[in-house]
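Student: I would like a close look at a single part of this model. Please start from one residue and work outward to what surrounds it.

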Amino acid sequence: MANNVTYDRREQFQQIQSGLLDGEQVIAVYDAIGTGTGFIGLTNRRVIIQDKSFVGKKFAITSIPYSKITSVSVVSNKSWGGSFFSTGAIAIHVGTHTYEVEFRGDQKSHHVHNVILHYIS
């Protein structure tokens with residue numbers, strides 16, 4: 001199963017895999033950069049985000065069912081004159097909360113955006 005999954009770090013993939021529900025399959029697990037977020041996992045049922053922004057070296061693994069996601073955005077500090085995916089960051093909107101995840105490289109943000117859009121459309 002790991003051969004069909006795209007991931008950056010094996011330990012992050014294994015952490016996602018250890019918490020799967022019956023019939024759930026991992027699509028990708030990407031390491032995140034920037035403050036607060038450790039990684040993002042995509043399955044055929046939900047988005048899983050590791051949030052490391054808690055005080056005292058605590059962290060949370062947050063599961064977001066695709067049905068609760070209202071939109072997904074490409075985040076950029078550049079003008080829209082360039083490539084649509086010229087950045088490596090996305091924002092996932094869930095009710096009034098927004099999870100921003102930044103990646104090393106625009107291919108990962110493009111893949112995450114397209115997977116989420118597929119499941120919320």
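Tutor: Start at arginine 46, which lies in strand β4. This is a predicted model. Is arginine 46 buried or exposed? The cut-off for buried is under 20% relative accessible area. Arginine 46 has 13% relative accessibility, so it counts as buried.

Now its surroundings. Set aside the neighbours within four places in sequence. Arginine 46 is then in contact with Gly19, Leu20, Leu21 and Glu24, and also with Gly41. Further contacts of arginine 46 are Ser63, Ile64, Pro65 and Tyr66.

Next, the strand itself. β4 covers residues 46-51. Its pairing with β5 is antiparallel and runs over six bridges. One pair is easy to find: aspartate 51 has alanine 60, in β5, as its bridge partner.

Step back to the sheet. It is open, with five strands in the order β1-β2-β3-β4-β5. The pairing is mixed. Its edges are β1 (6-7) and β5 (60-65), each of which pairs on one side only.

Two helices pack on this sheet. Helix α1, residues 10-18, touches β1, β2 (26-31), β3 (37-43), β4 and β5. The direction of α1 makes about 135° with that of β2. Helix α2, residues 106-120, touches β2, β3 and β4. For α2, the angle with the direction of β2 is about 140°.

Look closer at α1. Which residues of α1 are buried? Gln12, Phe13 and Ile16 are. They span an arc of only 100° around the axis, so they sit on the same side of α1. The buried residues of α1 pack against β1, β2, β3 and β4. β4 is the strand that holds arginine 46.

Take glutamine 12 as an example from α1. Its relative accessible area is 5%, so glutamine 12 is buried. Leave out its neighbours within four places in sequence once more. Glutamine 12 then contacts Val29, Tyr30 and Asp31, together with Gly38 and Phe39.

Last, another pair of strands. β6 (residues 71-75) and β7 (residues 89-94) run antiparallel and are joined by five bridges. Valine 75 stands opposite alanine 89 of β7. The covered face of β6 carries Val72 and Val74. Its uncovered face carries Ser71, Ser73 and Val75.

How values were computed
Residues numbered from 1 in each chain as written. Predicted model: local features only at pLDDT ≥ 70, side-chain atom pairs only at ≥ 80, totals over all residues. Heavy atoms only, no water. Pairing = 2+ DSSP bridges. Helix = DSSP H or I, 4+ residues; strand = E, 2+ residues; numbered from the N terminus. Contact = heavy atoms within 4.5 Å. Axes fitted to C-alpha atoms, helices over the stretch in contact; angles between N-to-C directions. Buried < 20%, exposed > 50% of the residue type's maximum accessible area, 1.4 Å probe, protein only. Arc of directions from axis to C-beta.
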